[in-house]
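Here is a short set of exercises to work through with the model open beside you. Try each task before you read its solution.

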Amino acid sequence: MRLTNLSMANSSGDHDAVPVPVPLVVMTMMAAAYMFSATTADSLPEHLLCGLEFIKSGIVQVDPWSYVTHGTAWIDYNLLFELMLGAAYKGLGMTGICLLKLGLVLIFLGILYRQMLRNFSAPLYASILFLFVCATLGPFLFAPRTHLLTAVWFSLLLLILQAADRGARKWLFLVPALIS
């Protein structure tokens with residue numbers, strides 16, 4: 001049985017037998033399964049406490065935690081992630097952290113899958129590669145760590161640079177924000 005109303009037309013107008021939403025459904029199910037799994041980062045309490053401190057006291061200007069550099073000028077390079085983590089925890093507790101983790105993973109994987117669909121001639125090839133990538137990256141992606149946000153920002157940076165190569169330079173003003 002062909003689900004032609006759900007499948008994506010290829011360049012010749014024919015429909016592939018594999019519906020495009022199937023990998024998206026699988027991706028969402030995998031991400032949801034990992035969302036409440038026991039994949040926690042060793043540094044989660046540290047990032048969470050920093051985020052809660054930033055929310056309570058404002059952004060810290062000097063290093064209050066280190067025994068070596070205590071009191072020196074300091075900028076936390078994980079600031080945005082820690083603020084998001086603290087806000088998610090303050091709002092919904094551990095469920096908020098899991099939802100933040102799910103949102104970041106879905107954004108990253110959605111960007112990845114969209115690019116695969118654009119760059120492969122057949123959605124079937126993109127879907128197979130995407131499912132392989134999800135299975136390979138799963139254990140590393142789904143812990144609530146700062147690299148999730150880094151993966152999203154880096155993916156957006158690559159999309160902006162790819163668009164600029166094609167002549168669409170209207171998003172280049174976002175590049176400094178993404179790399180800082």
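## Exercise 1: A histidine in its surroundings

At 7% relative accessibility, H47 counts as buried. Bear in mind that you are looking at a predicted model.

Task: find the helix that holds H47, then list what H47 touches beyond four places in sequence.

Solution. Start with the position: H47 belongs to helix α2, which runs over residues 44-57. Next, set aside the residues up to four places away in sequence; H47 then touches N78, F81, E82, L85 and T146. Keep F81 and L85 in mind, since both turn up again in the contact that α3 makes with α4.

Now move along the same helix to C50, which is also found in α2. C50 has a relative accessibility of 7% and therefore counts as buried, the cut-off being under 20%. With residues up to four places away left out, C50 touches W65 and E82. For a longer reach in sequence, take C50 and D76: they are 26 residues apart along the chain, and their C-alpha atoms lie 9.3 Å apart.

## Exercise 2: The overall fold

Task: state how many helices and strands the protein chain has, and what share of its residues is buried.

Solution. Count the elements: there are seven helices and zero strands. Reading along the sequence gives the pattern α-α-α-α-α-α-α. For burial, 37% of the 180 residues count as buried. Finally, look at the contacts between residues at least 6 apart in sequence: 57% of them join residues at least 24 apart.

## Exercise 3: Two helix pairs compared by angle

Task: classify the packing of α4 with α6, and of α3 with α4, as roughly parallel or oblique.

Solution. Begin with α4 (residues 94-119) and α6 (residues 146-165), whose axes are 9 Å apart and meet at an angle of about 30°. That angle is under 35 degrees, so α4 is roughly parallel to α6. The crossing of this pair is left-handed. On the α4 side, the residues in contact are K101, L104, V105, I107, F108, I111, R114, Q115 and N119, and they meet L148, L149, A151, V152, S155, L156, L159 and Q162 of α6. Sorted by class, this contact has 11 nonpolar, four polar and two charged residues.

Turn to α3 (residues 79-92) and α4, whose axes come within 6 Å and cross at roughly 135°. At that angle, α3 and α4 are therefore oblique to each other. Their crossing is right-handed. The contact brings F81, M84, L85, A88, Y89 and L92 of α3 together with M94, T95, G96, I97, L99, L100 and L104 of α4. By class, it has 11 nonpolar, two polar and no charged residues.

## Exercise 4: Completing the triangle

Task: describe how α3 crosses α6, and name the residues that make the contact.

Solution. First the geometry: the axes of α3 and α6 come within 9 Å and cross at roughly 120°. The crossing is right-handed. Then the residues: L80, F81 and M84 of α3 meet T146, L149 and W153 of α6. They divide into five nonpolar, one polar and no charged. Notice F81 and T146 here, which are both among the residues that H47 touches.

## Exercise 5: Along α6 and into α7

Task: compare the length of α6 with its expected span, then decide whether L178 is buried or exposed.

Solution. α6 has 20 residues and reaches 29 Å from its first C-alpha to its last, close to the 28 Å expected at 1.5 Å a residue. Its buried residues are T146, L148, L149, A151, V152, S155, L157, L159, I160, A163 and A164. Just after α6, G167 has a positive phi of about 105°.

L178 sits in helix α7 (residues 175-179). Its relative accessible area is 16%, which is under the 20% cut-off, so L178 is buried. Leaving aside neighbours within four places in sequence, L178 is in contact with W153, L156, L157 and I160. The C-alpha atoms of L178 and T150, 28 residues apart along the chain, are separated by 9.0 Å.

Key. Residues numbered from 1 in each chain as written. Predicted model: local features only at pLDDT ≥ 70, side-chain atom pairs only at ≥ 80, totals over all residues. Heavy atoms only, no water. Axes fitted to C-alpha atoms, helices over the stretch in contact; angles between N-to-C directions. Helix = DSSP H or I, 4+ residues; strand = E, 2+ residues; numbered from the N terminus. Parallel < 35°, antiparallel > 145°, perpendicular 65-115°, else oblique. Left-handed = near helix turned anticlockwise from the far one by under 90°. Contact = heavy atoms within 4.5 Å. Nonpolar A, V, L, I, M, F, W, Y, C, P; charged D, E, K, R; others polar. Buried < 20%, exposed > 50% of the residue type's maximum accessible area, 1.4 Å probe, protein only. Expected span 1.5 Å × (residues − 1).
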